[in-house]
Amino acid sequence: MNNPLRVLLAVPDPSEVCMLKLALQRRGARVVAASTATSALERAELARPDVIVLDDNLCSAAHPDLGESLRTLLPSAEIILLVSGSSGIPRGVGLGLLYCGVKPAPTALLVDTIACAFPGRLEEQPSKAPALTILCVDDDPIFLSSIRRILARRGHKVTTLEDSRRVMEAIPDVAPDLA
């Protein structure tokens, strides 16, 4: 894509960033992440994102004007605000929000919102994700059997181990994408 969409994920929790970042990258977006207010401002200035996904937890007492600072720095950027509850919208973010939702917001909803706001800037969603090689470790054989069946139905190659001591020696042979 000759003009990829630039997205800043200003979210403190890496587990919340992971799926959204992957989904956007699969559709051709350039994604940068920031887990602090300071890094969000630095990355916004460098990356010049078209969209900012902003977690209200970054708009804390340490930097209550983060939303206003981002809006001033990038007046044309769309902002998606993820809020913890009904605490209100952080200062400076309220005008021109693309979307405001309570966390956790589903990844598909956020990607669709971004895709609708920027027609033609994200590649079409891949028809099918590639199969992964997955290594599952648990001391419960019934759980392992269930998870193997579920993942195998989705086309993934699954290796299971009940003994966690064997994991390190099995990794070179299994070469998992996910463990």
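Contact here means heavy atoms within 4.5 Å. With that cut-off in hand, select Leu9 in this predicted model. Leu9 touches Val17, Leu20, Lys21, Leu24, Val31, Val32, Ala33, Ala34 and Val53, leaving aside residues up to four places away in sequence.

**Whole chain**

Now show the protein chain as a cartoon. Six helices and seven strands make up its secondary structure. Read along the sequence, they follow the pattern β-α-β-α-β-α-β-β-α-β-α-β-α. Of the 179 residues, 36% count as buried. Switch to a surface: the accessible area of the protein chain is about 10300 Å², and carbon and sulfur atoms account for 54% of that. Among contacts between residues at least 6 apart in sequence, 64% join residues at least 24 apart.

**The nonpolar cores**

Return to Leu9 and add Leu5, Val7, Leu24, Val53 and Ile114. These are the residues with the most contacts inside the largest nonpolar core, which has 20 residues. Which elements supply at least two residues of this core each? They are strand E1 (6-10), helix H1 (14-26), strand E3 (51-55), strand E4 (78-83) and helix H4 (107-117). Colour H4 separately, since H4 gives the most to this core, with four residues. Another core, of 17 residues, lies apart from this one; to find it, select Ile52, Leu74, Ala77 and Val83, which are among its members. In soluble globular proteins, nonpolar side chains tend to be buried together.

**Helix H3**

Next, select residues 66-73, which form helix H3. Leu66, Gly67, Leu70 and Arg71 are its buried residues. Turn the view until you look down the axis of H3: the buried residues fall within an arc of 135°, so they line one face of the helix.

**E6, H5 and E7**

Move on to strand E6, residues 133-137. Is this strand largely enclosed or open? Buried means under 20% relative accessible area. Four of the five residues of E6 are buried, so the strand is largely enclosed by the rest of the structure.

Add strand E7, residues 157-161; E6 and E7 run parallel and are joined by five bridges. To check the register, pick Thr133, which stands opposite Lys157 in E7. Finally, show helix H5 (residues 141-153) together with the two strands: E6, H5 and E7 make a right-handed β-α-β unit.

Methods
Residues are numbered from 1 along each chain as its sequence is written. This is a predicted model: local features need pLDDT of at least 70, side-chain atom pairs count only at pLDDT 80 or more; totals for chains, interfaces and linings use all residues. Side-chain values use heavy atoms; hydrogens and water are left out. Buried means under 20% relative accessible area, exposed over 50%, partly exposed in between (1.4 Å probe, protein chains only). Two strands pair if DSSP finds at least two bridges between them. A crossover is right-handed if, with the strands pointing away from the viewer, the path from the first strand over the helix to the second runs clockwise. A nonpolar core is a set of buried Ala, Val, Leu, Ile, Met, Phe, Trp, Tyr and Cys residues joined through side-chain atoms within 4.5 Å. Accessible areas come from the Shrake-Rupley method with a 1.4 Å probe; for residues, only the protein chains shown count as cover. The arc is that of the directions from the helix axis to the C-beta atoms.
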